[in-house]
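Please open the structure in your viewer and keep the selection tool at hand, because each stop on this tour asks you to pick out a few residues and look at what surrounds them.

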Amino acid sequence: MTQSWPSPAKLNLFLYITGQRANGYHELQTLFQFVDFGDSLGFTTRTDGQILLTTPVDGVADDNNLVVRAARLLQKHSQTTQGVDIALTKRIPMGGGLGGGSSNAATVLIALNTLWNCRLADEQLAVLGESLGADVPVFVMGHAAFAEGIGEVLHPVEPEEKWYLIAHPGIHIPTPTIFGDPELIRNTPKRPINVLLSTAWTNDCQPIARKRFCEVEQLVSWLLEYAPSRMTGTGACVFAEFNSEHEAREVLRQVPPWVSGFVAKGVNVSPLHSYRAELLRAAGKA
Ligand SMILES: C[C@](O)(CO)[C@H](O)COP(=O)(O)OP(=O)(O)OC[C@H]1O[C@@H](n2ccc(N)nc2=O)[C@H](O)[C@@H]1O
Ligand SMILES: Nc1ncnc2c1ncn2[C@@H]1O[C@H](COP(=O)(O)OP(=O)(O)OP(=O)(O)O)[C@@H](O)[C@H]1O
C-alpha cells in the first residue's frame, strides 16, 4: 500500500561552534526545533529487493540521494529481502539550512523500519543515520533537542512553539562552504544548557554568511526591521519569529520579489512521529 509520510524541515534556533575536531568536523551547541512544513514520501514495498526512487531530484543522482542511501543502508543492516518504490514530493528548499536531505533520510529509516518490519529501536536507527548526515539523528528521534558533539548528542527540550516566517534569498549555500571558511567563528565557549536557553539566541555561521553572500545580508537586514530574525544552520534561509500566524503572514505579504518564503509553526514533536503514532494506533499496535 502507498502511504504519505511527512518529512519536516528543522530550524536551528541557536547555533554555536565551540571547536573543531582533528577530522575537520565542528563541535556544536545547537537548539533544534521542527516546523509543520516539509516534504512527503510515499512507499510501495516490493518483494524483489529493488530500491527505486520514482521521482528523481534535479541535480542529485539517485545513487547520491539520501533517500536511496538510507533505504540501502537499512536493507543491508536488517538483511531484509524486501525492496521499495519511493516517491518524494520536495517542498523544502535544498541547501537552505532546513535539513531537507537529512529529514528525508530519517523518514525513510523510520518508515521502512515499520513497513519492512525490521524492529529496530529509534535509537538504533539514529546511530545508523549518523553516517548519512549530522542532522539525521534528531529527525529520527523526533523531538526538539539541544544538541552537542557534532550534532548527535541530543537532550530533548521544550522550546516555545512560535510562528515563523522562513525566507529563502534565492541562493544555495553548501554546508562545507561555511564550515570551510577561514574566518568562521570556531571558539565560542561551551555553556550549560540553562545559560544558553536564557541568553539571546544567535548563530555563529551568520556573520560569515552575511559577509560572503550579499543576498543573506540584505535578507537578514530586511527581516530584522519586522521581528527577531536569524539564519538557520549554515544558511541560506533566515527565519523571523512571531507570536501569531497572522503577524507572520502580514510580513510574508511584503517580502521583496527576490525572496521566497513560507509561514510555519514550530513543533516540538516531529510530524513524522505523530504520523507514525497515528498509523500504529489505527493498526491496533499502539
Ligand atoms: C549545520 C547543521 O545543519 C546544523 O544543524 C549541521 O551540522 C549540518 O549537517 P549536514 O548538512 O547533515 O552535514 P553533513 O552532511 O553531515 O556534513 C557536510 C559537511 O559539513 C561539515 N560539517 C558538518 C557538520 C559538523 N558538525 N561539522 C562540519 O564541519 C563537514 O565538512 C561535512 O563534510
Ligand atoms: N533527498 C535529498 N533532498 C535534498 N538534498 C539532497 C537529498 N539527497 C541528497 N541531497 C544533497 O544534499 C545537499 C544538501 O541539501 P539539504 O536540503 O539537506 O541542505 P541543507 O538544508 O542546507 O542541510 P543542512 O541544514 O543539514 O545543512 C543538496 O544540495 C543535495 O546535493
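The tour visits a pair of helices and then a loop in this predicted model.

Begin by selecting residues 66-78, which form helix α1, together with residues 100-115, which form helix α2. The axes of these two helices come within 8 Å and cross at roughly 35°, and the crossing is right-handed. To see where they touch, highlight L66, V67, R69, A70, A71 and L74 on α1, and then G101, S102, N104, A105, V108, L109, L112 and N113 on α2. Coloured by character, the residues of this contact divide into nine nonpolar, four polar and one charged.

Next, select P93, M94, G95, G96, G97, L98, G99, G100, G101, S102 and S103, which an unreviewed UniProt entry lists under "binding site". Two of these residues, G101 and S102, also take part in the contact of α2 with α1.

Now centre the view on P93, which is found in the loop between β4 (83-89) and α2. P93 counts as partly exposed because it has 19 C-beta neighbours inside 10 Å, where 20 or more would make a residue buried. Beyond its neighbours within four places in sequence, P93 is in contact with L98, H168 and C237.

Finally, move to G97, which also has its place in the loop between β4 and α2. Is G97 buried or exposed? G97 counts as buried, because 29 C-beta neighbours lie inside 10 Å. Select M231, T232, G233, T234, G235, A236 and C237 to show the residues in contact with G97, its neighbours within four places in sequence left aside.

Conventions. Residues numbered from 1 in each chain as written. Chains lettered and ligands numbered in written order. Predicted model: local features only at pLDDT ≥ 70, side-chain atom pairs only at ≥ 80, totals over all residues. Axes fitted to C-alpha atoms, helices over the stretch in contact; angles between N-to-C directions. Helix = DSSP H or I, 4+ residues; strand = E, 2+ residues; numbered from the N terminus. Left-handed = near helix turned anticlockwise from the far one by under 90°. Contact = placed C-beta atoms within 7 Å. Nonpolar A, V, L, I, M, F, W, Y, C, P; charged D, E, K, R; others polar. UniProt positions renumbered as here; feature names shortened; annotations may be inferred. Buried ≥ 20, exposed ≤ 12 C-beta atoms within 10 Å, placed from the backbone.
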